[in-house]
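These notes go through the structure point by point. Please keep the sequence and the 3D view open while reading.

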Protein chains: 2
Amino acid sequence: PGWERQGDKIVKTFKHKNFRRALAFVVEIGVLAEKVNHHPDISIHGWNQVTLSLTTHSAGGLTDKDFQLARRIEELSG
Amino acid sequence: PGWERQGDKIVKTFKHKNFRRALAFVVEIGVLAEKVNHHPDISIHGWNQVTLSLTTHSAGGLTDKDFQLARRIEELSG
């Protein structure tokens with residue numbers, strides 16, 4: 001929920017209380033990404049917002065890996 | 001050096017050995033940003049690249065704070 005399809009990607013922006021929280025969220029996602037060996041594009045912007053963009057480069061588009069990772073990110077942020 | 005002016009921002013992309021290194025670099029920058037209370041936009045993309053974008057929103061453009069932070073980021077990455 002909250003993920004938006006943009007071309008061959010799914011994208012979502014998470015708003016945090018402050019920069020520190022945004023950074024901590026990015027680290028959590030980074031650790032998860034390494035664990036599942038699937039790496040989203042991650043952008044911290046506007047001080048407290050984190051935008052994630054998921055696609056499977058090797059497949060040239062969206063795959064189950066993206067939707068699974070999105071689900072796990074939701075669990076992290078929930 | 002390596003910073004490019006884009007409108008009212010200065011921007012630079014740092015390429016790392018892998019995602020883990022890119023993430024560690026982002027954490028270092030995040031800690032530095034909190035310390036000096038000046039927060040760049042940070043993007044991790046293409047698995048191992050980190051793009052930083054600096055401007056001073058409160059001033060509506062570039063200030064000394066941006067160039068100082070850029071210098072300190074250079075020291076980190078050096």
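1. This is a predicted model. A place to start is Trp47(B), which has a relative accessibility of 40% and counts as partly exposed, because partly exposed covers the range between under 20% (buried) and over 50% (exposed). Trp47(B) sits in the loop between β3 (41–45) and β4 of chain B. Its phi is positive, about 80°, although Trp47(B) is not a glycine. That deserves a remark, because most residues other than glycine have a negative phi.

2. In chain A, Trp47(A) lies in the loop between β3 (41–45) and β4 (49–54). Its phi is also positive, at about 75°, and Trp47(A) is not a glycine. With 39% relative accessibility, Trp47(A) is classed as partly exposed.

3. The loop between β3 and β4 of chain A also holds Asn48(A). Is Asn48(A) buried or exposed? Its relative accessible area is 11%, so Asn48(A) is buried. Leaving out residues up to four places away in sequence, Asn48(A) touches Phe14(A), Lys15(A), His16(A), Lys17(A), Asn18(A), Phe19(A) and Ala22(A).

4. One of those contacts, Phe19(A), belongs to helix α1 of chain A. Phe19(A) has a relative accessibility of 1% and counts as buried. Residues up to four places away in sequence aside, its contacts in chain A are Ile44(A), Trp47(A) and Asn48(A). In chain B, Phe19(A) touches Gly30(B), Ala33(B), Glu34(B), His39(B), Pro40(B) and Ile42(B). Phe19(A) and Gly78(A) are 59 residues apart in sequence, and their C-alpha atoms are 18 Å apart in space.

5. Which residues touch the most other members of the largest nonpolar core? They are Ile44(A), Leu52(A), Ile73(A), Leu52(B) and Ile73(B), in a core of 38 residues. Take Ile44(A), again leaving aside neighbours within four places in sequence: within chain A it is in contact with Phe19(A), Ala22(A), Leu23(A), Val26(A), Gln49(A) and Val50(A). From chain B, Val26(B), Pro40(B), Asp41(B) and Ile42(B) are in contact with Ile44(A).

6. How are the two chains related? Chain A can be laid on chain B with an RMSD of 0.0 Å, using a turn of 180° and a shift of 0.0 Å along the axis. The two copies are therefore related as by a two-fold rotation axis. In chain A, the C-alpha nearest this axis belongs to Ser43(A), at 2.0 Å from it. Both copies use the same surface, as 100% of the contact residues of chain A recur in chain B.

7. The aromatic pairs come to four over all chains. In one of them, Phe14(A) and Phe25(A) have their centres 4.9 Å apart with 55° between the planes, and the pair is tilted. Phe14(A) lies in strand β2 (residues 9–15) of chain A and Phe25(A) in helix α1 (residues 19–36) of chain A, so this pair ties together parts that are eleven residues apart in sequence. Phe14(A) and Phe25(A) are both buried.

8. In chain B, the ring centres of Trp3(B) and Phe14(B) are 6.2 Å apart and the planes are at 70°, so this pair is edge-to-face. Trp3(B) lies in the segment before β1 (4–6) of chain B, while Phe14(B) lies in strand β2 (residues 9–15) of chain B; the pair therefore ties together parts that are eleven residues apart in sequence. Trp3(B) and Phe14(B) are both buried. Back in chain A, ring pairs link Trp3(A), Phe14(A) and Phe25(A) into a cluster.

9. Next come the helices of chain B. The axes of α1 (residues 19–36) and α2 (residues 64–77) of chain B come within 11 Å and cross at roughly 145°. The crossing of α1(B) past α2(B) is right-handed. On α1(B), the contact is made by Phe25(B), Glu28(B), Ile29(B), Leu32(B), Lys35(B) and Val36(B). On α2(B), the residues are Lys65(B), Leu69(B), Arg72(B), Ile73(B), Leu76(B) and Ser77(B).

10. The last residue to check is Ser53(B), in strand β4 (residues 49–54) of chain B. Ser53(B) has a relative accessible area of 15% and is therefore buried. Apart from residues up to four places away in sequence, Ser53(B) touches Lys9(B), Ile10(B), Val11(B), Pro40(B) and Asp41(B).

Methods. Residues are numbered from 1 along each chain as its sequence is written. Chains are lettered from A and ligands numbered from 1 in the order in which they are written. This is a predicted model: local features need pLDDT of at least 70, side-chain atom pairs count only at pLDDT 80 or more; totals for chains, interfaces and linings use all residues. Side-chain values use heavy atoms; hydrogens and water are left out. Helices (H or I, at least four residues) and strands (E, at least two) are DSSP runs, numbered from the N terminus. Buried means under 20% relative accessible area, exposed over 50%, partly exposed in between (1.4 Å probe, protein chains only). Contact means heavy atoms within 4.5 Å. Rings of Phe, Tyr and Trp (its six-membered ring) pair if their centres lie within 6.5 Å; planes under 30 degrees apart count as stacked, over 60 as edge-to-face and the rest as tilted. A nonpolar core is a set of buried Ala, Val, Leu, Ile, Met, Phe, Trp, Tyr and Cys residues joined through side-chain atoms within 4.5 Å. Copies are superposed by least squares on the C-alpha atoms of residues with pLDDT of at least 70 in both. Axes are lines fitted to C-alpha atoms, for helices over the stretch in contact, and angles run from 0 to 180 degrees between N-to-C directions. A crossing is left-handed if the near helix is turned anticlockwise from the far one by less than a right angle, and right-handed if clockwise.
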